[in-house]
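Work through these exercises with the model on screen. Each task is followed by a solution in steps.

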Amino acid sequence: MELQEFTENAQKLRMHMHQQAMHYLGSSEDSDDVVQEAFIKLWLKRKDIGDFAKMRNLASIVVRNISLNMVRNRRFTTDIDNCTLMTNHSDAHKQLEEKENHQRLQDAITSLTDKQRALIRMRNVENLSYAEIAKMLGTSESSVRAMICKARAALINKMQKSIC
C-alpha cells in the first residue's frame, strides 16, 4: 500500500477509529492518542495490508487493543483526604469506625489485581453492562460475569481478613 492510498483510507477510517476509542476510554484526548498510535502501527504494517477492508479490520483490532491496554494501565485509586463520608454521625466513635472501614475498603481494592480492579470499576463505578464490558474485553458475557463474581469474592475475602 502506497502513501496516497494509505492516506485516503486513513481519512475514511479516522472518525470510526476515534468513536471506537471513545467507547472504551470516554476521553477525547485519550482517543486521539489511541488513533495516532494505531495509525503508526498500521503504517508499519502497510505492506501486509492489501485493501481497504483489511485495513479497516486491522484498524478496529489495533484500536481495541491499544484502548484496552490504556484501561488496564489506569489505576483505580481515590484520595481518601478528598472523600467525604456519606453519614453525619454526631458520635465520634461511629465516625472513626466508618473512616476505618473506608480505609480498609480502599486497602482491599488496592490489593486486588489490576484486572479485578478494572472489572469492579467498570461495573460498579462506570455502571457498564456486562455486555459492554464483554465487548471491551473481547470475551463472552458469561465470562465477564464470572470474572466480576471472582473479583467481588476476592474483595469480600480481603475485607474479612482485614477485620480479623
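**Exercise 1. Count the helices and strands, and write the pattern along the sequence.**

Solution. This is a predicted model.
Step 1: the count gives 7 helices and 0 strands.
Step 2: read along the sequence, the pattern is α-α-α-α-α-α-α.
Step 3: of the 164 residues, 31% are buried.
Step 4: take the contacts with a separation of 6 or more; residues 24 or more positions apart account for 61% of them.

**Exercise 2. Decide where the prediction is confident and where it is not.**

Solution. Step 1: start with the whole protein, where the mean pLDDT is 83 and 89% of residues reach 70 or more.
Step 2: go through the elements. Helix H2 has the highest mean pLDDT, 91, and helix H4 (residues 92–111) the lowest, 84.
Step 3: look at residues 77–81, where the pLDDT is below 50. Beyond near neighbours in sequence, this stretch has 5 contacts in the model.
Step 4: where pLDDT is low, predicted coordinates should not be read in detail.

**Exercise 3. Find the largest nonpolar core and the elements that build it.**

Solution. Step 1: the largest nonpolar core holds 31 residues. Met17 and Leu42 have the most contacts inside it.
Step 2: the elements giving two or more residues to this core are H1 (3–25), H2 (28–44), H3 (52–73), H5, H6 and H7 (141–163).
Step 3: set aside the neighbours of Met17 within four places in sequence. Met17 then touches Val35, Ala38, Phe39, Leu42, Ala59 and Val63.
Step 4: apart from the largest core lies another, of 8 residues, including Leu112, Ile120, Ala151 and Leu155.

**Exercise 4. Describe how helices H5 and H6 pack.**

Solution. Step 1: two packed helices are described by the angle between their axes and the distance between the axes.
Step 2: for H5 (residues 114–125) and H6 (residues 130–137), the angle is about 145° and the axes are 10 Å apart.
Step 3: the crossing of H5 past H6 is right-handed.
Step 4: H5 brings Leu119, Met122 and Arg123 to the contact, and H6 brings Tyr130, Ile133, Met136 and Leu137.
Step 5: sort these residues by type. The result is 6 nonpolar, no polar and 1 charged.

**Exercise 5. Is Asp32 buried, partly exposed or exposed?**

Solution. Step 1: locate Asp32 in helix H2.
Step 2: its relative accessibility is 41%, so Asp32 counts as partly exposed. The cut-offs are under 20% for buried and over 50% for exposed.
Step 3: compare Asp32 with His18. The two are 14 residues apart in sequence, and their C-alpha atoms are 6.6 Å apart in space.

Notes. Residues numbered from 1 in each chain as written. Predicted model: local features only at pLDDT ≥ 70, side-chain atom pairs only at ≥ 80, totals over all residues. Heavy atoms only, no water. Axes fitted to C-alpha atoms, helices over the stretch in contact; angles between N-to-C directions. Helix = DSSP H or I, 4+ residues; strand = E, 2+ residues; numbered from the N terminus. Left-handed = near helix turned anticlockwise from the far one by under 90°. Contact = heavy atoms within 4.5 Å. Nonpolar A, V, L, I, M, F, W, Y, C, P; charged D, E, K, R; others polar. Core = buried A, V, L, I, M, F, W, Y, C linked by side-chain atoms within 4.5 Å. Buried < 20%, exposed > 50% of the residue type's maximum accessible area, 1.4 Å probe, protein only. pLDDT = per-residue confidence, 0-100.
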